[in-house]
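Open the model in your viewer and keep the sequence panel in sight. The stops below go from one selection to the next.

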Amino acid sequence: MSLIDRKIWFNGNVVNAQEAVVNVLSPTAQFGLNVFEGVRCYFNPETGKTNVFRLDCHLDRLWDSCKIIGIEPSFSKEEIKVAIRDVIEAGAYGGDIALRITFFVYEEGSWQNSSPVGLFIAPIEKKRNLVVLGNGATSCVSSWRRLHDSALPTRVKAGCNYINGRYAHIEAQRSGYDLPIFLDHDGFVSEGAGACLFIVKNGTLITPDLSSSILESITRDTLIKIAQLHSIPVFERKVNRTELYNADEVFLCGSAAELTSILSVDGYAAAGGQLLTKKLSDLYFDLVDAKYSVDAQWLFEI
Ligand code: PMP
């Protein structure tokens, strides 16, 4: 799809992507002063409807991000829902989509400015990332540490935070790995660069707790609740680096990553393969396709 065909909702109107422009001297362009959400929208060919998965949770987190970074949302949650309908309908996708919803500070000014706040909502076609046995990513523990809550809080989903992930990603790729895994400031396992992390040990799921410098991931929360529903033991706690090396399975999760299988960490192969990862991935897609429900509020169909 070209920029001319791609539709974006921009400050109140659906426009072609090339018309959605900001001043290069604005705080969003110069300093990454924006907060955003990445949301998956799953198309159901049987009903012809699209499920904007856990939209309310994403909007709540977006509001939390605005609060901490010190900007006021310029549109209400209800207005955003109408805008999402409008922009998805304008694109006539007929398949799965990923949405980015971003509040940004857009007039020439410094990083101290808090207004005016704009909003864009950008859909794009995006296929599902299915777990295929035997396929997955290689990873390394990054020598870069995850941002700390006392400096740039990871709980805030701000554009500027992603440069931390960028450094780790560059290092991983230069060393011949697909993806990095961050440790937090205290040396405990934190998250990936743009996704949270689970390990599997003896049939149990373990994931770093919310004070391990992670984003409060909606997918992580979804998987915890899926596991509880299916009587799979799951623990949120501090995780040591060596637990990655001894894990039976390792996977990343996120709205974009969905479940991404990690085949090895620093050359240590995930000993048990990917069986539980695959099972959870199947359960995840059955959930987003509304084949069963954990919480009725997680469905927002358009
Ligand atoms: N951590 C980071 C740094 C992320 O960018 C993301 C993706 N939004 C996640 C974790 C996963 O969060 P979620 O499941 O809410 O998409």
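Select the ligand and Arg-61: an N or O atom in the side chain of Arg-61 is 2.7 Å from an oxygen atom of the ligand. Such a pair is a polar contact, meaning N or O atoms within 3.5 Å; within protein, one must be able to donate a hydrogen and the other to accept it, and residues adjacent in sequence count only if both atoms are side-chain atoms. Add Ser-255, where a polar side-chain atom lies 2.6 Å from an oxygen atom of the ligand. Then add Glu-191, with a side-chain N or O atom 2.7 Å from a nitrogen atom of the ligand. The ligand has 380 Å² of accessible area on its own, and the protein covers 95% of that. Accessible areas come from the Shrake-Rupley method with a 1.4 Å probe, and for residues only the protein chains shown count as cover.

The model is predicted: local features need pLDDT of at least 70 and side-chain atom pairs pLDDT 80 or more, while totals for chains, interfaces and linings use all residues. Residues are numbered from 1 along each chain as its sequence is written, and side-chain values use heavy atoms, with hydrogens and water left out.

Now show the residues around the ligand (a heavy atom within 4 Å of it). There are 15, and those that come nearest are Tyr-162, Glu-191, Ser-217, Thr-219 and Ser-255.

Stay on Glu-191, in strand E9 (residues 189-192). Helices (H or I, at least four residues) and strands (E, at least two) are DSSP runs, numbered from the N terminus. Is Glu-191 buried or exposed? Its relative accessible area is 2%, so Glu-191 is buried. The classes are buried under 20%, exposed over 50% and partly exposed in between, with a 1.4 Å probe and protein chains only. The side chain of Glu-191 also makes a polar contact of 2.7 Å with the side chain of Arg-146. With neighbours within four places in sequence left aside, the contacts of Glu-191 include Ile-181, Phe-182 and Cys-196; contact means heavy atoms within 4.5 Å.

Next, colour the charged side chains. The model has 18 salt bridges, each a side-chain nitrogen of Lys or Arg within 4 Å of a carboxyl oxygen of Asp or Glu. Three are worth a stop.

- Select Asp-221 and Lys-225: their closest N and O atoms are 2.8 Å apart. Both residues lie in helix H5 (residues 218-229), four residues apart, about one turn of the helix. Salt bridges that share partners join Arg-54, Asp-221 and Lys-225 into one network.
- Select Glu-78 and Lys-81, a salt bridge at 3.7 Å. The two are three residues apart in helix H3 (residues 77-91), so about one helical turn separates them. Glu-78 is exposed at 53% relative accessibility, whereas Lys-81 is buried at 13%.
- Select Asp-289 and Arg-128, whose closest N and O atoms are 2.9 Å apart. This pair links distant parts of the chain, 161 residues apart: Asp-289 is in the segment after helix H7 (275-288), and Arg-128 is in the loop between strand E6 (117-125) and E7.

Move to Thr-204 in strand E11 (residues 204-208). Thr-204 counts as buried at 16% relative accessibility. Beyond its neighbours within four places in sequence, Thr-204 is in contact with Ile-199, Pro-233 and Phe-235.

Last, select Trp-144, found in strand E7 (residues 137-145). Trp-144 is partly exposed at 40% relative accessible area. Add Ile-163 and Tyr-167: with Trp-144 they make a nonpolar surface patch of about 300 Å². Patches are made of residues with over 30% relative accessible area and no salt bridge, with like charges joined within 9 Å and nonpolar side chains (Val, Leu, Ile, Met, Phe, Trp, Tyr) within 5 Å.
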